[in-house]
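Q: Please take a close look at one part of this model for me. I am new to it, so start with the chain as a whole and then go to where it touches its partner.

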Amino acid sequence: MSTPAPLTLPVLGTHVTPQALNAYLEATPPVDEVAVHERVASLATRSIKRESKLHALELAVRMTDLTTLEGKDTPGKVRQLASKARRPDPTDPSIPPVAALCIYPAMVPVAAEALRGSGVAVAAVATYFPSGQAPLEVKLADTRAALAAGADEIDMVIDRGAFLAGDYMKVYEEIVAVREACGSAHLKVILETGELVTFDNVRKASMLAMAAGADFIKTSTGKVGPAATRPVTLVMLEAIRDFAELTGIGVGMKPAGGIRTAKDAIRYLVLVYETLGTAWMTPDRFRFGASSLLNDLLMQIRWVRTGAYQSPDYFTKD
Amino acid sequence: MADAHPVEPVEFTYVPSREATDLVSLRDRYGLWIDGKFRAPASKRFLTTVNPATEEPLAEVAEGGERDVDRAVRAARRAFETWGRLPGKERAKYLYRIARMLQERAREFAVLETLDGGKPIKEARDVDLPLVAAHFFYYAGWADKLEYAFPGVRPAPLGVAGQIIPWNFPMLMLAWKVAPALAAGNTVVLKPAETTPLTALAFAQLTAEADLPPGVVNIVTGAGETGAALVRHPGVDKIAFTGSTAVGKLIQKAVAGTPKRLTLELGGKAPHVIFEDAPVDQAIEGVINGIFFNQGHVCCAGSRLFVQESIADRFVDKLKRRLSTLRVGDPLDKNTDIGAINSPEQLDKITELVESGIEEGAEIYQPACRLPDRGYFFAPTLFTGVSQSHRIAQEEIFGPVLSIMTFRTPDEAVEKANNTPYGLSAGVWTTKGSRILWMADRLKAGVVWANTYNKFDPASPFGGYQESGFGREGGRHGLLPYLEGVPR
């Protein structure tokens, strides 16, 4: 990801017309909802044990975007979380840092300061998160401010209203504009699948976001229910697979919201592995947007290593 | 920032996760289950049943001869005098009890099924055994409602049912046969397949623990000769057979001119039709499930794939990619997708047909996958460039081998799909509801699955057309073959 993603894509060319965009989206295959649930249920029976489990848990830690997105976030809270992000388990230096700290733009300066030199990225939600219901200039200003304050990654929201109204061009142009504003910074595009509802919409929105230059596509803001689910993630992973075949570009995936247990996280990893293979088993291509997941991962790692469960009191709540 | 230290992807692996086998206790040698007890065979002959994944012997089972079959049929006849007169609600109690015990001991039966037959434990655990219990529950519910099932008549049981079942779903086929027969008031003599007798013998013991009266269920193990003796026996009122079309024809000849009732559930060469508007990624899963479920040892396996030519290349590419993620190996490993081929004879048959496909000019594709050194295994296989005239497009392979053909129009799809002497099942993938109905009207198959495949439910009748047999199992229809006095 060290080179910026191309701003225009081979799929759509430089001068994208609404007709070309529609034709591209119409080629998206339909999704059978029942069969998606079945596939997810079948993959949930994969039995990940011993070394494989330990490896998966450690990978999940490295893939975590540790998140706090609350109106009551303060510099103190963000500093504490940054410290957790750098060193998730103070008693165990072998536990790797998480991938990023995900916060509101106002908290970026604090986070950037607290994470300097740690390798942990600062991810800011921008573009009038979570609703995205603001003029494009506001969204771009929000993005630029976050970047100027030191954000390495931008988690933007799409305009779901425009998408549901069929104005795909507006959604596309906004993503392209934010992409340009991001420069080399990492762009994650939040579809808010809980508002798109159908898998056909999710798949189409995924193809749209990737064509517009997303580095990652992300399920949810965490402010709308349902947030991430494994079925919706599978649909997005399949879209990523199609896009990679079409363009050679490997877009990342970030389910966010509602992932709280290590067991669930491992099931997500199985989905990624069986859909996209080894090339996606890296924080560069897969992230979990989560807050309480991390401690469960730490607890499970200790259990696999020692054979004993420890009380939650032994894991820091930041 | 994270990008400064790009993280190389690491190989993600599943270490073996083997299902424990300590729930299963096997005897060295089994007699025949006649009149509620294991009895030494008069034939004095025994067969060895082996684990197809390791080639190690599991146990010896009796090979029932003419006299043994006669003893079993007589025991069933005696038991019928009381069982056949028992009120339906009393029969139901036994069936419910058996169903509950099967649920309680599902893990043990699943492991045994996998050991003896080679199917992946995840299938035995998640498909076979849940369906087995569901069948007993379902038919238990009918036992006291037979007069409502067929209004205006007073249905009566037939008497003794001789039932011969195959090796691909040993317990499930037992359930399909035994549950409706008992619910309708018949008694049974069941002959399991020679390579997979162990779960039927475990079931025999379970019926005793359930206090089922002796003689209601008799299990006579053996090979073809034992089955032939059962078919010939004059004391049998009904034959129910699931297995190959060749043997089905022999049975039909043998019962011709006798008063015996007959149902046959035979082979298949099911068409699986993919239209260009199909939900592609889900259709891929449907195709994979359709042909590789239980190593393709499935009479209704979707073994002929018809893909609309406009999407054929892309579809086949996706299929190949998916094939490479299938995990072939130890059936007891909970992550195994494709287990062992049931017997060396079946492996030879698959190998021979695959070679014929190559010789006749079809293009073979097998993913790189390492097969275990011991045991009977066959890599998942695709054939493209297949013509209707190739043997692999006509003959039932009964293995993990898919023949892929293309079509241009719905009419052509129907014509090619129906161009087979079989007619057990078919699959259709399209998002057009109207096309699903149009296809279902025209496909000559007992079961048509739309946007899914290999779905079974005890409430749904199953059975074929033409050389796939006749009679239906499952549902209210599944009672008919076991009842007298019902107009059909």
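A: What follows describes chain A, its contact with chain B, and then the two domains of chain B.

This is a predicted model. Chain A has 13 helices and eight strands. Its C-alpha atoms fill a box of roughly 60 × 45 × 35 Å along the principal axes. Is that the size of a compact globule? For 318 residues, such a globule would have a radius of gyration near 20 Å; chain A has 19 Å, so the two agree. Buried residues make up 53% of the 318 residues in chain A. Now take the contacts in chain A with a separation of 6 or more: 75% of them join residues 24 or more positions apart.

Next comes the side that faces chain B. Here 33 residues of chain A are in contact with 30 residues of chain B. Three helices of chain A each give two or more residues to this side: α2 (33–43), α3 (50–62) and α12 (262–276). Of these, α3(A) gives the most, with four residues. By class, this side of chain A has 14 nonpolar, eight polar and 11 charged residues.

Chain B itself is assigned two domains: domain 1 (29–266 + 467–484) and domain 2 (271–457). Their centres, taken over C-alpha atoms, are 30 Å apart. The contact between them takes 19 residues from domain 1 of chain B and 26 from domain 2 of chain B. On the domain 1 side, α3 (106–117) and α4 (121–142) of chain B each give two or more residues. The largest share, four residues, comes from α4(B). That side divides into six nonpolar, seven polar and six charged residues.

Conventions:
Residues numbered from 1 in each chain as written. Chains lettered and ligands numbered in written order. Predicted model: local features only at pLDDT ≥ 70, side-chain atom pairs only at ≥ 80, totals over all residues. Rg over C-alpha atoms; globule rule 2.2 N^0.38 Å. Buried ≥ 20, exposed ≤ 12 C-beta atoms within 10 Å, placed from the backbone. Contact = placed C-beta atoms within 7 Å. Nonpolar A, V, L, I, M, F, W, Y, C, P; charged D, E, K, R; others polar. Domains from an automatic or database assignment.
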